[in-house]
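Me: I am new to this structure and would like to learn how to read it. Could you take me through it step by step?

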Amino acid sequence: MSRKAVEIAGRRLSLSNLEKDLYPSYGFTKAHILEYYLGIAKFILPHLKDRALTLKRYPEGVEKDFFFEKRCPSHHPEWVNTAEVSPDEGERMTVCLVNDLATLMWVENLASLELHVPLARVDSPETPDSMVFDLDPGDRANILSCARVALMLRDLLSGLRLTSYVKTSGKKGLHVYVPLNRKETTFENTKTFSKAVAEIMQKNYPNLVTAKMAKEYRKAKVFINWAQNDSSKTMICVYSLRAREKPVVSFPLAWKELENLSKQGDPEKLQIKHSEAVGRAEKQGDLFREVIVKKQKLPYL
Amino acid sequence: MAGKAIWKGYINFGDVNLPVKLHTAIKEDRIQFHLLHKRDHLKLRQQMICAFEKKPVPTEAQVKGFEVEEGKYIIVDPDEIEQTAPEDSRMIEVREFVKTEQIDPLFLERVYYLEPDVPLKGYDALVGALKEMEVAGICTWAMRKRYYLGALQTGGKILRLTTLRYADEVISLKSLELPDIPLSEKELKIGSDLINRLTAPFQPQKFENEHQKKLQSLIEKKARGEKIAVLRPRRLKPTAPDKLLQALEASLKKVA
Amino acid sequence: MQGIWSGTISFSLVAIPVDLVKAVDSGRVSFRMLHSKDYSPLQRRMFCPEEETMVPPDEIIRGYEIGPDKYILISDEELESVSPERSRTIEIVEFIDMDEVDPIYYDHPYYLIPSKGGEKAYRLLVEVMRRTHKAGLAKFVLGEREYLVAVYSSEGALALITLHYREEILPDEDISPKKGKIEDEEKSRIKQNIRKMMADFDPGKYADKRRKEIMDLLKKKAKEKAPVEAPEMEGEEGEGPADLVAALKESMRKVKKNR
């Protein structure tokens with residue numbers, strides 16, 4: 001087991017197990033993971049800032065046990081920002097906030113390959129910054145079906161003057177985000193709105209879309225999981241790695257690109273790998289920036 | 001009077017096998033409040049409510065689960081958990097001895113007094129040895145279905161057993177990186193002088209729980225129907241970094 | 001919000017803005033209580049047994065019982081006003097040598113970290129307490145209680161430990177052994193044993209066995225059976241607010257036309 005002491009942005013950190021292969025069938029070690037997150041740091045940090053982190057740790061790699069933690073590991077360095085939350089009006093819990101590069105590296109050193117965050121920030125946990133449409137394909141559907149649904153959602157929402165943004169989940173689905181960024185918004189608002197949208201989609205495209213969670217409704221359809229709009233739920237953070245066979249990333253796509261890829265018909269092209277992710281982000285910037293900046297109001301509520 | 005005896009065990013190391021009884025050492029005396037409904041002043045009860053149905057759930061319909069992934073749980077049977085509980089072994093095994101001063105107060109949890117049980121031989125000798133060598137025994141034992149780590153020390157004429165926190169339960173200060181702000185020798189000197197001037201011997205009997213007394217008197221006042229003046233909490237203005245030396249000098253003058 | 005409490009720590013005329021944060025975290029494996037019917041998580045709520053309804057936090061008030069069903073009500077402001085000067089301030093009134101403190105006084109530890117603007121004064125206090133080897137003694141109010149606390153310097157930061165009041169420490173005279181014979185030989189033998197077992201204090205050597213056993217049990221169970229899932233809240237049946245549904249219908253009509 002190797003240990004290496006480094007200094008990152010003025011903080012001292014001890015990195016361990018750098019040669020450990022965490023994606024064994026692909027060949028991607030802890031060092032590679034740290035390298036990825038270092039490269040993507042300036043793009044991912046604004047999306048992690050002040051959000052209660054749920055760590056999903058794979059200390060033995062993606063093929064072995066993982067454990068997920070909402071509590072900030074007690075052995076955290078003092079400079080890691082934390083916050084106290086009371087998810088149940090009873091239990092208090094300390095959570096980590098990945099607010100700087102050193103903390104991101106510390107979290108990745110713990111093999112938290114996947115970073116999941118809530119839609120609201122920790123100081124206003126009942127105020128979602130955006131509304132999300134989590135598109136999840138059934139067993140007999142795939143990401144291309146999700147792309148069709150996502151493009152229709154974009155148009156439907158734009159008819160109500162709402163701008164939306166899309167990213168890959170890094171697995172089989174897509175996530176469509178509608179930025180709101182207003183302190184008056186509640187989860188009640190986003191849940192009601194997204195449910196109404198999901199239901200009208202289901203009504204008009206019953207063979208493609210379902211708004212119901214139960215498995216028997218899903219098989220060849222895309223499930224629009226509107227219930228993710230809740231203070232207790234988390235979403236994979238944009239630019240986070242996924243613990244799949246290959247180090248694929250939850251990556252934002254421009255709508256135009258999604259249209260082209262959808263026409264091309266190759267689902268593999270929608271899986272963005274780590275190396276591609278950093279290069280593209282450097283070239284085109286953070287396509288998801290507007291999700292945390294743009295102010296919009298949900299109409300008709 | 002010490003608290004009641006809650007457990008019996010044997011202190012064990014080398015050829016020492018000393019029977020003892022554990023007594024609680026701390027008694028907290030607090031004003032207890034009940035939580036009431038504002039509307040009708042009825043006493044409220046804590047209930048477990050089902051998040052889905054929004055209705056109270058009786059104990060028979062409650063199960064324990066461990067969250068492995070968001071919204072997904074492994075159900076555990078109380079009997080299975082029970083099986084992991086250790087048997088009371090009655091043996092307080094001393095694993096090693098350390099210099100008492102090495103034990104950081106962050107690790108100390110709960111103190112028990114140890115009363116010698118029959119047969120009495122050896123207790124005073126152990127007290128003497130620990131005291132003269134200024135050491136504590138680090139021990140492990142199983143009590144009331146839990147495994148404990150503790151420190152065996154002396155307190156006056158008797159032995160005490162203090163439970164210790166496990167290493168990963170104490171949040172580390174080691175990798176501390178608080179901003180390193182340069183301070184002038186003058187500031188440090190005046191600060192040190194000030195502290196020395198304000199130093200007094202530790203006399204805990206000087207301190208009374210005034211808040212408790214004031215709270216009691218508030219309750220009595222309200223009971224008599226008197227009006228209560230609600231005072232705003234005072235917030236001190238923080239000392240600006242460039243005014244620090246000034247504040248220190250003024251403080252020193254004040255105590256001189 | 002950075003911690004459990006935020007306020008100011010002061011000594012003489014120096015005031016330092018700080019946050020109080022946890023220093024220790026229980027290692028116990030935490031479980032959630034679930035409804036056996038559908039595995040929905042359960043939440044603790046205050047419940048009015050007479051009216052048989054849940055009561056939200058803003059309808060709850062503290063009461064002190066002075067007789068059967070007779071209470072004196074105390075509001076949050078009234079509680080905070082009892083010691084207003086102490087609710088937001090830790091005022092160090094004197095300094096002591098920690099070596100003089102019998103460890104039986106120690107109750108619960110916390111850390112203090114500087115908030116914005118207080119970094120320099122914080123550093124000074126840490127440094128001068130370290131140099132003089134002293135700790136600050138103060139009183140402060142947290143929640144409904146007032147604590148006597150010791151603030152000391154450790155590894156470049158300030159730790160705060162609440163102390164028990166004298167009257168909370170039970171006397172031990174009644175359990176100390178009555179005068180017995182001096183056991184010098186026994187004492188020497190014990191000292192010999194002790195010398196053979198000396199080591200440096202390292203709590204890292206010891207792990208919580210029970211916690212490990214429970215985790216092993218959970219890992220085993222996770223392999224045997226898939227974890228259960230709580231039901232999704234389907235929400236009310238029905239389409240949603242009328243205006244929204246109408247607007248969506250109109251927008252959908254246009255989307256279909258353009259496809």
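Reply: Let us begin with one helix, keeping in mind that this is a predicted model. In α2(A), the residues Ala102(A), Thr103(A), Leu104(A), Met105(A), Trp106(A), Val107(A), Glu108(A) and Asn109(A) are buried. Helix α2, which spans residues 101-109 of chain A, is therefore described as mostly covered, with eight of its nine residues buried, where buried means that 20 or more other C-beta atoms lie within 10 Å of the residue's own.

Me: Which way do residues along a helix point, and what phi does Ala111(A) take just after α2(A)?

Reply: The general idea is that an α-helix has 3.6 residues a turn, so residues three or four places apart point the same way. As for the residue that follows here, Ala111(A) takes a positive phi of about 60° just after α2(A).

Me: How should I read a residue that is neither buried nor exposed, and how many C-beta neighbours does Glu188(A) have inside 10 Å?

Reply: Glu188(A) has 13 C-beta neighbours inside 10 Å, and so it counts as partly exposed. Its place is in helix α4 of chain A. In sequence Glu188(A) is 43 residues from Ser231(A), while in space the two are 9.8 Å apart, taken from C-alpha to C-alpha.

Me: What is the order of the strands in the open sheet of six strands in chain A?

Reply: To read a sheet, follow the strands from one edge to the other. Here the order is β13-β14-β10-β12-β11-β17 in chain A, and the pairing is mixed. At the edges stand β13 (209-210) and β17 (252-253) of chain A, each with a single partner strand, so that one side of each is left without a neighbour in the sheet. Helix α4 (residues 187-204) of chain A packs on this sheet, where it touches β10 (130-137), β13 and β14 (222-225) of chain A, and its direction makes about 40° with that of β10(A). Inside the sheet, strand β11 (residues 165-168) and strand β12 (residues 174-179) of chain A pair in the antiparallel sense over four bridges, and Lys167(A) stands opposite His175(A) in β12(A).

Me: Which strands form the open sheet of four strands in chain A, and what is their pairing?

Reply: That sheet has the order β6-β5-β9-β15 in chain A, and its pairing is antiparallel. Its edge strands are β6 (67-69) and β15 (234-236) of chain A, each of which pairs on one side only. If direction is ignored, neighbouring strands of the sheet are turned by 30° against each other on average. Strand β5 (residues 54-57) and strand β9 (residues 112-118) of chain A run antiparallel and are joined by four bridges, with Leu55(A) opposite Leu115(A) in β9(A).

Me: Is strand β9 of chain C enclosed by the rest of the structure or left open, and how many of its residues are buried?

Reply: Burial can be counted along a strand just as along a helix. In strand β9 (residues 106-114) of chain C, eight of the nine residues are buried, so this strand is largely enclosed by the rest of the structure. Five bridges join strand β2 (residues 14-22) of chain C to β9(C), and these two run antiparallel; the bridge partner of Lys22(C) in β9(C) is Tyr110(C). Five bridges also join β9(C) to strand β12 (residues 157-163) of chain C, again in antiparallel fashion, and there Tyr110(C) stands opposite Leu160(C).

Me: Which residues have the most contacts inside the largest nonpolar core?

Reply: This core has 95 residues, and those with the most contacts inside it are Leu126(B), Leu125(C), Val149(C), Val151(C) and Leu160(C). Domain 1 (5-27 + 85-166) and domain 2 (182-196 + 243-256) of chain B both give residues to the core, so it lies between them. Leaving aside residues up to four places away in sequence, Val151(C) touches Ile9(C), Ile90(C), Ile92(C), Ala135(C), Gly136(C), Ala138(C), Leu158(C) and Leu160(C). A second, separate core of 94 residues includes Trp106(A), Leu162(A), Trp226(A) and Val238(A).

Me: How many residues do chain B and chain C bring to their contact?

Reply: Chain B brings 143 residues and chain C brings 135. On the side of chain B that touches chain C, helix α4 (residues 210-223) of chain B gives the most, with nine residues. Strand β3 (residues 34-37) of chain B also pairs with strand β6 (residues 60-67) of chain C, in the antiparallel sense and over four bridges, and the bridge partner of Leu35(B) in β6(C) is Arg62(C).

How values were computed. Residues are numbered from 1 along each chain as its sequence is written. Chains are lettered from A and ligands numbered from 1 in the order in which they are written. This is a predicted model: local features need pLDDT of at least 70, side-chain atom pairs count only at pLDDT 80 or more; totals for chains, interfaces and linings use all residues. Two residues are in contact if their C-beta atoms, placed from the backbone, lie within 7 Å. Two strands pair if DSSP finds at least two bridges between them. Axes are lines fitted to C-alpha atoms, for helices over the stretch in contact, and angles run from 0 to 180 degrees between N-to-C directions. A nonpolar core is a set of buried Ala, Val, Leu, Ile, Met, Phe, Trp, Tyr and Cys residues joined through C-beta atoms within 7 Å. A residue is buried if 20 or more other C-beta atoms lie within 10 Å of its own, exposed if 12 or fewer, and partly exposed in between; C-beta atoms are placed from the backbone. Domain bounds come from an automatic or database domain assignment.
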